[in-house]
Amino acid sequence: MLAFNVLRFAAAAVFVAMPLSALAMGCDGLVDGPKGTVMSVTDGDTVVLDTGVVVRLIGTQAPKLPLGREGFETWPKAEEARLALEALTLGKRVAVRHGGEQVDRHGRTLGQLFVVDTPELWVQQRMIADGWARVYSFPDNRACLPQLLSAEGSARLMKLGIWADPYYLVRRADRPAELAGRLGHYELVEGRVLLADEAQGRIYLNFGRSWKEDFTAVLERSAVQLFSRSGLDPLKLEGALVRIRGWVDDIDGPRVEVTHPEQIEVLLAP
């Protein structure tokens with residue numbers, strides 16, 4: 001418990017000391033994509049342009065609306081997030097820029113969205129900085145994540161937007177029963193890695209002594225290769241205090257599958 005309190009105090013000092021210019025930084029190295037005017041806003045991370053192009057704001061996850069899905073429960077603050085994105089973009093001229101895969105399986109355009117103005121507004125960063133979305137990334141779309149994670153940390157510290165709602169609390173890895181009640185949810189989970197081990201090409205980060213019951217982060221072979229190319233060795237995380245983000249499932253206790261390095265933030269090195 002002491003380690004968690006020390007960590008949160010240190011994190012608070014970092015984010016409070018962060019200059020405002022750090023939250024205004026853009027993202028370099030993107031490829032130009034479609035341009036147009038935003039005609040409608042579907043939810044907190046999707047807009048439709050006057051050209052008919054549907055843009056999914058990559059790198060973010062806003063609270064979800066049912067959008068016609070039977071039995072789907074609205075996430076807390078979903079409509080507020082949609083209205084926040086609408087206020088930023090509706091009727092505005094925008095440009096999409098790609099940093100990875102450009103189209104998803106639903107035919108939506110994937111990219112960072114910028115309101116073409118003076119000064120230019122990076123929509124994802126603003127939504128996250130205002131607390132209306134979390135960082136949500138994919139192994140084939142990893143651009144701009146350091147800036148977005150920085151913005152998220154500041155918003156979380158100040159309890160802006162979604163961070164004021166218990167639904168989005170950062171969970172504790174040493175409370176597996178609580179995590180077992182969040183199956184199928186996208187969660188941020190903090191804890192100290194008790195054991196980092198490799199078996200049959202997978203790497204397991206264990207947060208408790210009972211691998212059948214305690215929380216675990218699992219890296220499949222493809223993820224291990226991405227970590228290797230990034231110069232990061234997850235086996236060296238044993239003893240580290242980390243934050244894991246991902247979808248919680250239940251295979252030998254609650255777990256998160258890690259597919260790329262940005263899902264793990266090292267809060268305190270071993």
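Arginine 82 and glutamate 86 both sit in helix H2 (residues 78-89), 4 residues apart, about one turn of the helix. They form a salt bridge, with their closest N and O atoms 2.9 Å apart. The model is predicted. Its salt bridges number 20, and a search of the whole structure finds 1 disulfide. A negative surface patch is also present, formed by Asp197, Glu198, Asp233 and Glu238.

**Salt bridge within helix H2**

- Arginine 82 has a relative accessible area of 16%, so this residue is buried, the limit being under 20%.
- Glutamate 86 has a relative accessible area of 25% and is therefore partly exposed.
- The bridge thus joins a buried arginine 82 to a partly exposed glutamate 86.

**Arginine 172 and aspartate 174**

- The side chains of arginine 172 and aspartate 174 also meet in a salt bridge, at 2.7 Å from N to O.
- Arginine 172 counts as buried because its relative accessibility is 14%.
- Aspartate 174 counts as partly exposed because its relative accessibility is 44%.

**Arginine 243, glutamate 265 and their network**

- Arginine 243 forms a salt bridge with glutamate 265, and the closest N and O atoms are 3.1 Å apart.
- This pair links distant parts of the chain: arginine 243 is in strand S14 (residues 241-250) and glutamate 265 is in strand S16 (residues 264-268), 22 residues apart.
- Both arginine 243 and glutamate 265 are buried.
- A network of salt bridges links Glu152, Arg156, Glu190, Arg243, Arg245 and Glu265.
- In general, side chains of opposite charge can pair when their charged atoms come close.

**The disulfide**

- Cysteine 27 and cysteine 144 form a disulfide, and their sulfur atoms are 2.0 Å apart.
- The two cysteines are 117 residues apart, and the pair links distant parts of the chain.
- Cysteine 27 is in the loop between helix H1 (2-17) and strand S1 (31-43).
- Cysteine 144 is in the loop between strand S8 (134-136) and helix H4 (145-157).
- The torsion about the S-S bond of cysteine 27 and cysteine 144 is about -95°, so the disulfide is left-handed.
- Cysteine 27 counts as buried because its relative accessibility is 15%.
- Cysteine 144 is also buried, with a relative accessible area of 5%.
- In general terms, a disulfide is a covalent bond between the sulfur atoms of two cysteines.

**Glutamine 125 and cysteine 27**

- Glutamine 125 is found in helix H3 (residues 123-129).
- Its relative accessibility is 4%, so glutamine 125 counts as buried.
- Glutamine 125 and cysteine 27 are 98 residues apart along the chain, and their C-alpha atoms are separated by 9.8 Å.

**The negative patch**

- Aspartate 197, one of the residues of the negative surface patch, lies in strand S11 (residues 195-199).
- Aspartate 197 is partly exposed because its relative accessible area is 39%.
- That value fits the patch rule, which asks for over 30% relative accessible area and no salt bridge.
- The other members of the patch are Glu198, Asp233 and Glu238.

Methods:
Residues numbered from 1 in each chain as written. Predicted model: local features only at pLDDT ≥ 70, side-chain atom pairs only at ≥ 80, totals over all residues. Heavy atoms only, no water. Patch = residues over 30% accessible without salt bridge, like charges linked within 9 Å, V, L, I, M, F, W, Y side chains within 5 Å. Areas by Shrake-Rupley, 256 points an atom, 1.4 Å probe, with all protein chains shown as cover. Salt bridge = Lys/Arg side-chain N within 4 Å of Asp/Glu carboxyl O. Lys, Arg positive; Asp, Glu negative; His and termini not counted. Charge placed at Lys NZ, Arg CZ, Asp CG, Glu CD. Buried < 20%, exposed > 50% of the residue type's maximum accessible area, 1.4 Å probe, protein only. Disulfide = S-S within 2.5 Å.
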